[in-house]
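Colleague: I am new to reading structures, so please pick a single part and take me through it slowly.

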Amino acid sequence: MDRPRPRGATPAPATEVSREIAAHPATVWGIVTDPVKFSAWMEGDITFEPRPGRAFRAEFPGHGIVLGGEIRRVDPDTRRLALTWGIESGPQAEEYPAGSSLVEMRVRPAGPGSRLDVRHTGLPSEEAARRQEDGWRFQLSRLDLMANRIDLAAGLERSLPLWVAAWNEQDPEERIGILRRICDEDVEFRDDWTAIRGVDLLNVHIGNCHHYMPGYSLQHTGDIRICRGEALVGWRATGPGGRPVEGQNHMRADPDGTIRRVTGFQAT
């Protein structure tokens, strides 16, 4: 239940924070309306049911604080969520009690990803509003990281096997068809032997690799590490009678797995 604001308190102006998120709107909406994913995002123990009138509670044991409030609005069609918010126990609970402010979130499409708008009203002071603005900027940056990891992991699950297939394909027509399915037309590729731009030049470069290193094939190794649209992917090249060559690719890709830039590092 929402608690009244202390008498004489003058609410601060609305705090509004917005950030582009490198993930599909459905992915972002899925995070802010699921208590398990919300907990992972905020790094706390958060419980709620995404229905108006249901309680919202967020425990942060490491900070000695518990937030409390109520879900006010959940609109999947417009991807709008509203909930009350305040301190149930912990520092400043008297100044900023549970349910005394309103947090409104809206997820909307933005280019290849999305945008999350947060509007926080009913805060007890301008100082509290500044602290919340800083907090929301940090949290939206963390949300961008989490949502992009979800989408890009799924996108690379599609494109990485095809990337390997393209490097192992000796027929140039078959190879260019594969590359165009997974790469941006202006894809950049750089390693110890070349620095090129464009899917056609990449096709030629792979053909030259087969010409000068006949019999070699490529495979991916190890786990994929993803951070904000970029990934580290291990690889191994093996050939007849030769010692395997290993390294890592540093990849830049869209959330759907479209590859935009690859820099290859060979292990020394």
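**A close look at one helix and its surroundings**

Modeller: Let's start with Q132: leaving aside its neighbours within four places in sequence, Q132 is in contact with W85, Y96, H120 and L123. Please keep in mind that this is a predicted model. Q132 sits in helix α3, which covers residues 126–168. The relative accessible area of Q132 is 19%, and buried means under 20%, so Q132 counts as buried.

Now let's see what else meets this helix. Helix α2, made of residues 35–42, has an axis that comes within 9 Å of the axis of α3, and the two axes cross at roughly 120 degrees. Those two numbers are a handy pair to remember, because two packed helices are described by the angle between their axes and the distance between the axes. The crossing of α2 past α3 is right-handed. On the α2 side, the residues that take part are K37, A40, W41 and M42, and they meet W136, Q139, L140, R142, L143 and M146 of α3. Sorted by chemical type, the residues of this contact comprise seven nonpolar, one polar and two charged.

Let's turn to α2 and ask which of its residues are buried. They are F38, S39, W41 and M42. Try looking down the axis of α2: its buried residues fall within an arc of 160 degrees, so they line one face of the helix. Helix α3 is among the elements that cover these buried residues. The cover also includes helix α1 (25–32) and the strands β2 (45–48), β3 (55–60), β5 (80–85) and β7 (101–110).

W41 and W136, which we met where the helices touch, appear again when we look at the nonpolar core. The largest nonpolar core has 37 residues, and W41, F56, W85, M105 and W136 are the ones that touch the most other members. The largest share of this core, six residues, comes from α3. There is also a second, separate core of 29 residues, and its members include L156, V199, W235 and I259. As a general point, in soluble globular proteins nonpolar side chains tend to be buried together. W85 is worth a second glance too, since this member of the largest core is also one of the contacts of Q132.

Before we finish, look at two loops beside the strands β5 and β7. Most residues other than glycine have a negative phi. R79 has a phi near 50 degrees, a positive value in a residue other than glycine. R79 lies in the loop between β4 (65–75) and β5, and with 22% relative accessibility it counts as partly exposed. Q92 also has a positive phi, near 70 degrees, and is not a glycine. Its loop runs between β6 (87–89) and β7, and its relative accessible area of 37% makes Q92 partly exposed.

To retrace our path, we began at Q132, a buried residue in α3. We then followed α3 to its right-handed crossing with α2, and on to the largest nonpolar core, to which α3 gives six residues.

Technical notes: Residues numbered from 1 in each chain as written. Predicted model: local features only at pLDDT ≥ 70, side-chain atom pairs only at ≥ 80, totals over all residues. Heavy atoms only, no water. Axes fitted to C-alpha atoms, helices over the stretch in contact; angles between N-to-C directions. Helix = DSSP H or I, 4+ residues; strand = E, 2+ residues; numbered from the N terminus. Left-handed = near helix turned anticlockwise from the far one by under 90°. Contact = heavy atoms within 4.5 Å. Nonpolar A, V, L, I, M, F, W, Y, C, P; charged D, E, K, R; others polar. Core = buried A, V, L, I, M, F, W, Y, C linked by side-chain atoms within 4.5 Å. Buried < 20%, exposed > 50% of the residue type's maximum accessible area, 1.4 Å probe, protein only. Arc of directions from axis to C-beta.
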